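Hi,

Here is the structure I promised to pass on to you. Please have a look at it first, and then read my notes underneath.

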Amino acid sequence: MIIEVCGLRRLFGRVAAVDGLTFGIERGDAVGYIGANGAGKSTTIKMLTGILRPTAGTVRTCGLEPMRQRRRLARRIGVVFGQRSQLWWDLPLRDSYRALGAIHRLDFRPRLAELAERLDLGDFLDTPVRQLSLGQRIRGEVAAALLHAPELLILDEPTIGLDVLSKERLRSFLIEQRAAGTSLLLATHDMGDVRRLTDRLLVVDHGRLAFDGTLDGLARQVGAERILVLDLAEPAPPLDFVAGTRLVGVEAGGLRQRLSFAPGTTTVAAILAAVATAAQLHDLTIEEPDIEAVVRRLYSLST
Ligand SMILES: Nc1ncnc2c1ncn2[C@@H]1O[C@H](COP(=O)(O)OP(=O)(O)OP(=O)(O)O)[C@@H](O)[C@H]1O
């Protein structure tokens with residue numbers, strides 16, 4: 001296992017930020033770590049990476065004890081905090097990589113060339129970090145975390161604040177990394193991240209594990225439905241006949257219609273095939289369920 005956590009606890013004064021977590025993650029897995037604000041995600045990550053000492057319980061990351069073997073661990077994991085930077089603000093991006101290369105005692109150039117190409121960093125490698133856009137900086141952060149080819153990549157809210165295109169680019173890159181064998185642990189508020197990048201989901205609530213399973217399993221348990229928003233070429237009568245869906249909105253005289261469906265019961269492809277018999281599609285978007293709402297619902301079911 002690449003991560004093993006047993007009875008993990010962390011108190012801040014009287015607040016238990018993490019309150020008895022036990023879980024394991026297999027090598028090569030991609031796992032989403034979700035929960036409401038203040039649920040304990042960042043605190044868990046800090047204990048996994050050796051930044052914070054557990055109050056009780058044990059944690060092993062890459063088989064190492066993070067607090068005691070922090071340096072050895074740093075060579076084997078990469079960490080990206082979306083809201084904090086590990087880059088040198090006033091230096092050109094390239095100089096941060098040079099410095100990280102020196103810290104890891106490796107010739108960073110071949111790996112950087114590969115990452116720069118995959119993450120499209122070429123245009124701004126010589127720009128000071130403080131002048132980068134958020135999307136550019138996050139790509140820069142991800143490259144920094146992967147420079148030493150770690151076996152585990154831990155990301156805390158990597159796509160927060162990114163526009164749709166930058167998000168999608170980053171996600172495709174992470175999917176490739178995973179296919180190349182890197183294990184992923186991804187703390188996020190974004191259901192789209194979870195759906196695209198992970199195949200297992202841990203939900204933490206008040207420092208405790210509230211769910212461990214697949215996204216479809218979670219959707220079944222709490223009824224977290226996705227909504228397909230269909231923009232039609234011409235107004236159409238209500239599309240209330242599509243198997244496995246529920247019509248939840250008709251706008252603009254039938255030009256825009258919203259169908260709700262539970263993952264696992266039908267597929268977008270099947271829905272579109274049924275819609276095509278009655279209307280011509282112009283555009284579509286999928287609205288993911290809101291993570292906070294899913295967690296609230298999960299919590300209300302378990303209490
Ligand atoms: N250094 C600290 N001192 C005191 N309390 C803390 C500290 N760090 C976290 N906490 C508290 O621990 C709890 C868990 O916080 P944590 O940051 O781990 O949550 P989170 O799930 O990452 O939240 P978010 O999604 O908002 O980042 C919260 O109640 C928070 O206020």
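Below is what I found, starting with the domains and then turning to one of the sheets.

Please keep in mind that this is a predicted model. The domain assignment of the protein chain gives two pieces: domain 1 covers 3-213 and domain 2 covers 225-302. Taken over C-alpha atoms, their centres are 33 Å apart. Where the two meet, domain 1 puts 11 residues into the contact and domain 2 puts in 8 residues.

On the domain 1 side of that contact, the elements giving two or more residues are helix H7 (191-197), strand E8 (200-205) and strand E9 (208-213). H7 has the largest share there, with 3 residues. As for the character of this side of domain 1, 6 of its residues are nonpolar, 3 are polar and 2 are charged.

Now for the sheet. Four strands form an open sheet in the order E11-E12-E10-E13, and their pairing is antiparallel. Strand E11 (245-251) and strand E13 (281-287) are at the edges; each has a single partner strand, so one side of each lacks a neighbour in the sheet. On average, neighbouring strands here are turned by 20° against each other, ignoring direction.

Within this sheet, you may like to look at strand E10 (residues 226-232) and strand E12 (residues 256-261), which run antiparallel and are joined by 6 bridges. To find your way along this pair, take Val 229, whose bridge partner in E12 is Arg 258.

Happy viewing, and do write back with your thoughts.

Best wishes

Technical notes. Residues are numbered from 1 along each chain as its sequence is written. This is a predicted model: local features need pLDDT of at least 70, side-chain atom pairs count only at pLDDT 80 or more; totals for chains, interfaces and linings use all residues. Two strands pair if DSSP finds at least two bridges between them. Axes are lines fitted to C-alpha atoms, for helices over the stretch in contact, and angles run from 0 to 180 degrees between N-to-C directions. Domain bounds come from an automatic or database domain assignment. Two residues are in contact if their C-beta atoms, placed from the backbone, lie within 7 Å. Ala, Val, Leu, Ile, Met, Phe, Trp, Tyr, Cys and Pro count as nonpolar, Asp, Glu, Lys and Arg as charged, and the others, Gly among them, as polar.
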